[in-house]
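Student: Please take a close look with me at one part of this structure, the salt bridges, and explain each term as you reach it.

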Amino acid sequence: KETRLLCRHQIDTAEQLLSYQKEVEAQITVLTETRKHLRYQVRHIEKTDTTQVDVMKAEISQLSGKLQSLKEEGNLCQGILARSKERKKTLSVVRQEKRKERKVSDRDKRRGSGRP
């Protein structure tokens, strides 16, 4: 799912991912407010116009589906970012170990070349 998200939105860098995540969060905020407003209207209209209430409830249901999808994408973004930080740490440790190995190898070569 994470890979599909990255490919679908052509995300190549952490900056692009963060930007997309902020965009998703903004959409969630807007849709949540819209849904809240509709729910408030439904409570006040419910007794008078059942047809309009049904339309609003269908719209609320549709918004809830979109919100669920957006929240899932937001969670995927968080997972990707968390794993990328772990990978950076791992790569850093591996690079440090390789540097140490090269220093030891270089030192051994220098010691070996000084002997007859």
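**Salt bridges, pair by pair**

Tutor: Glu33 is a good place to begin, since its relative accessible area of 43% makes it partly exposed (buried means under 20%, exposed over 50%, and partly exposed in between, with a 1.4 Å probe and protein chains only). The model is predicted, so local features need pLDDT of at least 70 and side-chain atom pairs count only at 80 or more, while totals for chains, interfaces and linings use all residues. Residues are numbered from 1 along each chain as its sequence is written, and side-chain values use heavy atoms, with hydrogens and water left out.

Glu33 is joined to Lys36 by a salt bridge in which the closest N and O atoms are 3.4 Å apart; the term requires a side-chain nitrogen of Lys or Arg within 4 Å of a carboxyl oxygen of Asp or Glu. Both residues belong to helix H2, where a spacing of three residues separates Glu33 and Lys36 by about one helical turn. Helix H2 runs over 14–45, and such helices are DSSP runs (H or I) of at least four residues, numbered from the N terminus, whereas strands (E) need at least two.

Across the whole structure, the search finds four salt bridges, and two others reach between distant parts of the chain. In one of them, the side chain of Glu72 meets that of Lys1, with an N to O distance of 3.5 Å. Glu72 sits in helix H3 and Lys1 in the segment before H1, so that this contact ties together parts of the chain 71 residues apart. The accessibility of the partners can be set side by side: Glu72, at 38% relative accessibility, counts as partly exposed, whereas Lys1, at 60%, counts as exposed.

The other distant pair is formed by Arg8 and Glu73, whose side chains also meet in a salt bridge at 3.5 Å, N to O. Here helix H1 supplies Arg8 and helix H3 supplies Glu73, and the two residues are 65 residues apart. With 51% relative accessibility, Arg8 counts as exposed, while Glu73, at 13%, counts as buried.

Looking back with the helices in mind, H1 covers 2–8 and H3 covers 50–113. Helix H3 therefore holds Glu72, the partner of Lys1, and also Glu73, the partner of Arg8, whereas the pair of Glu33 and Lys36 lies within helix H2.
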